[in-house]
Amino acid sequence: MSEQSKSSQAPDRTPHVVIAGAGIAGVQTAVALREQGWPGAITLLGDEPHQPYDRPPLSKAVLLGKAEGSAFDVDFAGLGISLHLSRPVTGLVPDAHVIETAEGPVPYDYAVLATGAEPIVLPGSEGLPGVHLLRTLDDAERLRPVLAAQHEIVVVGAGWIGAEFATAAREAGCAVTVVEAADRPLAGALPAEVAAHMTGWYADAGAELRTGARVASVTAGAVTLADGTVLPADAVVVGIGARPATGWLAGSGVEVSPQDGSVLADEQLRTSVADVYAVGDCASFPSARYGARLLIHHWDNALQGPRTVAENIARGEAEGVAYDPVPYFWSEQFGRFVQYVGHHGDADELVWRGDPAGAAWSVIWLRDGRLVALLAVGRPRDLAQGRKLIERGTLLDRERAANASVPLKAAAR
């Protein structure tokens with residue numbers, strides 16, 4: 001047998017990274033691996049039929065027909081990334097080093113879990129005509145004609161996605177009623193004294209907000225609340241949160257939080273199983289900066305985390321780098337640009353900057369005098385300066401920080 005024949009029969013030992021999930025976290029991991037000089041094979045497994053795309057435009061531009069989609073501008077073939085669409089993952093077998101799919105197993109040297117999150121379904125609404133979620137491009141495409149027809153819409157949930165959808169629906173001329181089980185919008189994200197000032201935004205935009213309103217049932221053309229109120233609805237949009245898409249990992253040995261379903265990654269975004277990392281909406285990680293485990297369902301986390309994963313994989317046996325970002329997200333709702341940076345707890349001191357009845361104001365949170373979080377409404381300069389101060393762990397003079405006319409950086413001690 002010739003040497004050439006022998007070599008052609010030898011097993012391929014090119015190191016292989018397989019990424020489960022082709023959203024922003026998965027795509028950015030693949031791109032970052034090449035940027036880090038990873039020489040081996042990269043396979044990206046996506047469960048949707050579409051080219052990988054960005055999600056933020058779905059809640060406005062795609063809904064309103066101002067964009068046909070938001071595909072990432074990535075030359076996968078040119079980067080040597082093998083992209084498989086319509087190939088959802090079904091299982092992970094660490095002992096065999098394979099990710100299972102309906103089309104067969106995919107062997108890996110390193111696996112990256114980037115399957116994101118899936119929307120929570122309103123009980124009793126599954127499969128009902130006229131009931132919509134807003135998570136995928138297909139969801140947005142199904143909702144586009146609903147908005148174009150200027151239907152009467154009931155939105156269940158006054159969180160970030162509910163507010164953004166309500167904004168788009170009002171812009172399209174729809175009649176919008178938002179029902180929220182909690183006593184205020186954004187109850188899971190902001191304290192009552194802050195969220196209270198956002199309640200009026202709905203009425204200002206011509207939308208009706210009903211708080212303390214639990215949904216009893218959804219039927220064709222109507223939503224019935226627990227108090228017996230019947231709300232007519234040509235369409236119902238459910239935005240009551242999302243959970244990490246980790247059910248497929250059952251039996252794999254990958255440790256998952258019993259509370260929120262997230263993969264319990266360590267500070268280097270490694271899972272409890274060797275050679276397997278997790279990133280983005282499906283993973284939580286310990287933050288030394290905040291002394292807490294964080295689960296962040298926002299775009300910036302899905303953009304930043306992959307750089308850490310890629311660097312740690314590319315380093316191989318070398319000591320890895322830790323992931324401890326200052327979380328950041330933004331939301332455009334009812335004509336306002338809302339930004340949040342950092343992470344606050346109930347025990348942190350809240351300080352106002354500006355009048356919350358006005359068009360532009362901020363709130364900061366201090367912990368032992370150090371800035372740990374900031375919410376800015378129409379004050380981008382506060383956000384930019386606050387982010388740097390949080391990164392540095394800067395002590396602030398409380399009185400100067402509370403003066404909205406003083407640049408936030410000038411309040412540093």
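This passage walks through strand pairing, salt bridges, surface charge and a few backbone oddities in a predicted model.

A good place to start is strand β25, which covers residues 361-367. Six of its seven residues are buried, so the strand is largely enclosed by the rest of the structure. It has a pairing with strand β24 (residues 349-353), which runs antiparallel to β25 over five bridges. Within that pairing, R353 has S362 of β25 as its bridge partner. There is also a pairing between β25 and strand β26 (residues 370-377), again antiparallel, this time over seven bridges. Here W361 is matched with V377 in β26. The β25 and β26 strands make a hairpin, with just two residues between them. One residue to look at in the turn is D368, whose phi is positive, at about 55°.

The β25 strand also takes part in a salt bridge. R367 pairs with D348, and the closest N and O atoms are 2.7 Å apart. R367 belongs to β25 while D348 sits in the loop between β23 (336-342) and β24, so this contact ties together parts of the chain that are 19 residues apart in sequence. As for exposure, R367 comes out as partly exposed at 26% relative accessibility, whereas D348 is buried at 12%.

In total, the model holds 18 salt bridges. Another of them lies inside helix α3 (residues 137-148), where E141 and R144 are three residues apart, or about one turn of the helix. Their closest N and O atoms are 3.8 Å apart. E141 is partly exposed, with a relative accessible area of 29%, but R144 is buried at 17%. A further pair is R184 with D183, at 3.0 Å between the closest N and O atoms. On the accessibility side, R184 is buried at 18%, and D183 is exposed at 56%. Salt bridges can also link up into a network, as they do for K60, K66 and E171.

Charge shows up on the surface in another way too. R381, K388, R392 and K409 gather there into a patch of positive charge. Of these, K388 is found in helix α8, which spans residues 380-392. The relative accessible area of K388 is 47%, making this lysine partly exposed.

Elsewhere, five strands make up an open sheet with parallel pairing, in the order β9-β16-β10-β11-β12. The edges are taken by β9 (131-132) and β12 (208-211), each with a single partner strand, so one side of each is left without a neighbour in the sheet. Further in, strand β10 (residues 152-156) and strand β16 (residues 235-238) run parallel to each other and pair over four bridges. Across this pairing, I153 stands opposite A235 in β16. As a reminder, strands of a sheet pair through backbone hydrogen bonds, whether parallel or antiparallel.

Turning to the loops, A265 is in the one between β18 (263-264) and β19 (276-278). This alanine is buried, with a relative accessible area of 1%. Relative to G251, A265 is 14 residues away in sequence and 17 Å away in space, taken from C-alpha to C-alpha.

Two other loop residues catch the eye for their backbone angles. Most residues other than glycine have a negative phi. S86 is not a glycine, yet its phi is positive, at about 50°. The loop holding S86 runs between β3 (81-84) and β4 (89-93), and S86 is partly exposed, with a relative accessible area of 40%. H97 is likewise not a glycine and has a positive phi, of about 55°. It is found in the loop between β4 and β5 (98-101). At 24% relative accessibility, H97 is partly exposed.

Definitions and conventions. Residues numbered from 1 in each chain as written. Predicted model: local features only at pLDDT ≥ 70, side-chain atom pairs only at ≥ 80, totals over all residues. Heavy atoms only, no water. Patch = residues over 30% accessible without salt bridge, like charges linked within 9 Å, V, L, I, M, F, W, Y side chains within 5 Å. Areas by Shrake-Rupley, 256 points an atom, 1.4 Å probe, with all protein chains shown as cover. Salt bridge = Lys/Arg side-chain N within 4 Å of Asp/Glu carboxyl O. Lys, Arg positive; Asp, Glu negative; His and termini not counted. Charge placed at Lys NZ, Arg CZ, Asp CG, Glu CD. Buried < 20%, exposed > 50% of the residue type's maximum accessible area, 1.4 Å probe, protein only. Pairing = 2+ DSSP bridges.
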